[in-house]
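Got your viewer open? Here is a walk through the model, one selection at a time.

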Amino acid sequence: MSSLLKTKLPRVGTTIFTAMSALAQTHGALNLSQGFPDFSPPLRLAEALGEHALRGHNQYAPMAGLPRLRETIARQLLLHRDVVVDPDTEVTVVPGATESIFCAITAVVRPGDEVIVLDPVYDSYEPAIELAGGRAVHVPLLTGSFGIDWELVSKAITPRTRLFMLNSPHNPCGSIVSNADLDVLASLAEQHGFLVCSDEVYEHLVYDGHKHCSVLAHPVLRSRSFAHFSFGKTLSVTGWKTGYCVAPPELTAELRKIHQYVTFVAVTPVQHALADFLDAEPEYPATLAADYQRRRDLFLSKLAGSRFSWKPTQGSYFQLLDYGQISDDSDTVLSERWTREVRVASVPVSVFYESPPKQSILRFCFAKSDEVLIEAAERLCAI
């Protein structure tokens, strides 16, 4: 068979998240590697899912998503972002933001096109670009702050630049973009004629008084962007794999052409449950930042006696820790060693780079119970 098969993704293997979670399970480690909460979602939401399954809402939903959920999403965007969208022509419910990002890339990237990605880059972007026949052009974020170096971005743009991948709050780094960043991006997009694919799945997890800046709230970017969101991240139900994409009608139509042949629909009773919950508790997403900031601060406070250094993350539920005062070993070596020996699993940041810089950083997920965060910090302090 090997002589008949030439892989289309020769550099792709098992994702780092799967690998580290498996290693954590094997060694009984606290899993701060993969990004999912270890606590329950709102009870009202879980009950609604069961109710709709029992009521018989178990067959295909409309391809673009239940109308009632798309209307709920439009109300949420108006409430939390002061953005008006048409639920019929601009909102598509999808089985996870990863799927809608794949569909957006597939819809607009053609063979020979270039797509700018910012390193460290979330691992699903480049495979989708390559499968579409495009080429990812890697631009490193600024060392330390993980902000965008717009001078480097400008130099990377060519006549073949078709798409710019934006991720804020950023995974794995937790940095966020400002309105000034969006202004620069808008100017470049207009000047060079490229589109934007904006991954905003951690939109409600922004800390220390900062605000999430969405492409949907920017008048120029609104007209040339796909924006992707995740109910899994917002409502602590990552296993429900449900999100949505918002884009102007022309881009939405192209995305739906792909979506209908990739998964066709998102899960029907899940969509009903999400609509029920958010209609009943529309302010719930606005309560998340305070709770997650408390978890971040608890984790960092318990690390005060350790030899790690850090800057508190601005967004997402990931915290970077610098182990430079502890070891000269690579992050890939240490993440595995400390999973086995210290029994705390993390993710090495170097795997998200095309050309990793010399740095000593691991990513830890703090979407965990207080008990797990305290125990993990105690184990890390003992290193």
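Which loop holds D208? Select D208 and you land between β6 and α8 (219-222). This is a predicted model, so read every stop on the tour that way. D208 has a positive phi of about 60 degrees, although the residue is not a glycine. Most residues other than glycine have a negative phi. At 42% relative accessible area, D208 is partly exposed.

**More backbone oddities**

Next, go to K241, in the loop between α9 and β8. Its phi is near 45 degrees, again a positive value in a residue other than glycine. K241 counts as partly exposed, with 42% relative accessibility.

Now pick the loop between β5 and α7 (179-192), where you will find P169. The peptide bond joining S168 and P169 is cis, with omega about -10 degrees. Stay in the loop between β5 and α7 for P172. N171 and P172 are joined by a cis peptide bond too, and omega there is about 25 degrees. Most peptide bonds are trans.

**The sheet**

Switch to cartoon view and colour the strands. Seven of them form an open sheet, in the order β2-β8-β7-β6-β5-β3-β4, with mixed pairing. At the edges sit β2 and β4 (135-140), each of which pairs on one side only. From one strand to the next, the twist averages 20 degrees.

Zoom in on β8 (residues 243-246). On one side it has β2 (residues 91-94), running antiparallel and joined by four bridges. Show V93 and you will see Y244 as its bridge partner in β8, while T92 is partnered by C245. Strand β7 (residues 225-230) is also antiparallel to β8, again with four bridges. There, S230 stands opposite G243.

Are the two faces of β8 covered or open? Both are covered: G243 and C245 on one side are buried, and so are Y244 and V246 on the other. In a regular strand the side chains alternate between the two faces of the sheet.

**Helices on the sheet**

Add helix α4 (residues 97-108). It packs on the sheet and touches β2, β5 (161-167), β6 (195-199), β7 and β8. Its direction makes about 165 degrees with that of β7. Then add helix α10 (residues 249-262), which lies across β2, β6, β7 and β8 and runs at about 25 degrees to β2.

Helix α3 (residues 67-81) is worth a ruler. Its 15 residues should span 21 Å at 1.5 Å a residue, and its end C-alpha atoms are 20 Å apart, which agrees. Turn on its side chains: the buried residues include L69, I73, L77 and H80. Among the elements that cover the buried residues of α3 are β2, α9 (231-234), β8, α10 and α11. Just after the helix comes D82, whose phi is positive, near 55 degrees.

**The nonpolar cores**

Select V153, F164, L166, L235, F299 and Y317. Of the 91 residues in the largest nonpolar core, these touch the most other members. Helix α11 (residues 268-280) gives the most to this core, with six residues. Apart from this core lies another, of 24 residues, among them I101, A132, C197 and L255.

Back in the first core, what surrounds V153? Leaving aside neighbours within four places in sequence, V153 is in contact with I116, L118, V139, I148, F164 and L188. In soluble globular proteins, nonpolar side chains tend to be buried together.

**Looking for disulfides**

How many disulfides does a search of the whole structure find? Zero. Try C173: the closest cysteine sulfur is in C365, 15 Å away, so the two are too far apart for a bond. C173 is buried, at 8% relative accessibility. Then try C381, which is in no disulfide either; for C381 the nearest cysteine sulfur, that of C365, is 18 Å away. At 27% relative accessibility, C381 counts as partly exposed.

**Last stop: D38**

Finish in the loop between β1 (30-31) and α2 (43-54), where D38 lies. With 36% relative accessibility, D38 is partly exposed. Beyond its neighbours within four places in sequence, D38 is in contact with A367, K368, S369 and V372. For a last distance check, pick A107 as well: D38 and A107 are 69 residues apart in sequence and 35 Å apart in space, C-alpha to C-alpha.

Key: Residues are numbered from 1 along each chain as its sequence is written. This is a predicted model: local features need pLDDT of at least 70, side-chain atom pairs count only at pLDDT 80 or more; totals for chains, interfaces and linings use all residues. Side-chain values use heavy atoms; hydrogens and water are left out. A nonpolar core is a set of buried Ala, Val, Leu, Ile, Met, Phe, Trp, Tyr and Cys residues joined through side-chain atoms within 4.5 Å. Buried means under 20% relative accessible area, exposed over 50%, partly exposed in between (1.4 Å probe, protein chains only). Contact means heavy atoms within 4.5 Å. Two strands pair if DSSP finds at least two bridges between them. A disulfide is a pair of cysteine sulfur atoms within 2.5 Å. Axes are lines fitted to C-alpha atoms, for helices over the stretch in contact, and angles run from 0 to 180 degrees between N-to-C directions. The expected span of a helix is 1.5 Å times one less than its number of residues.
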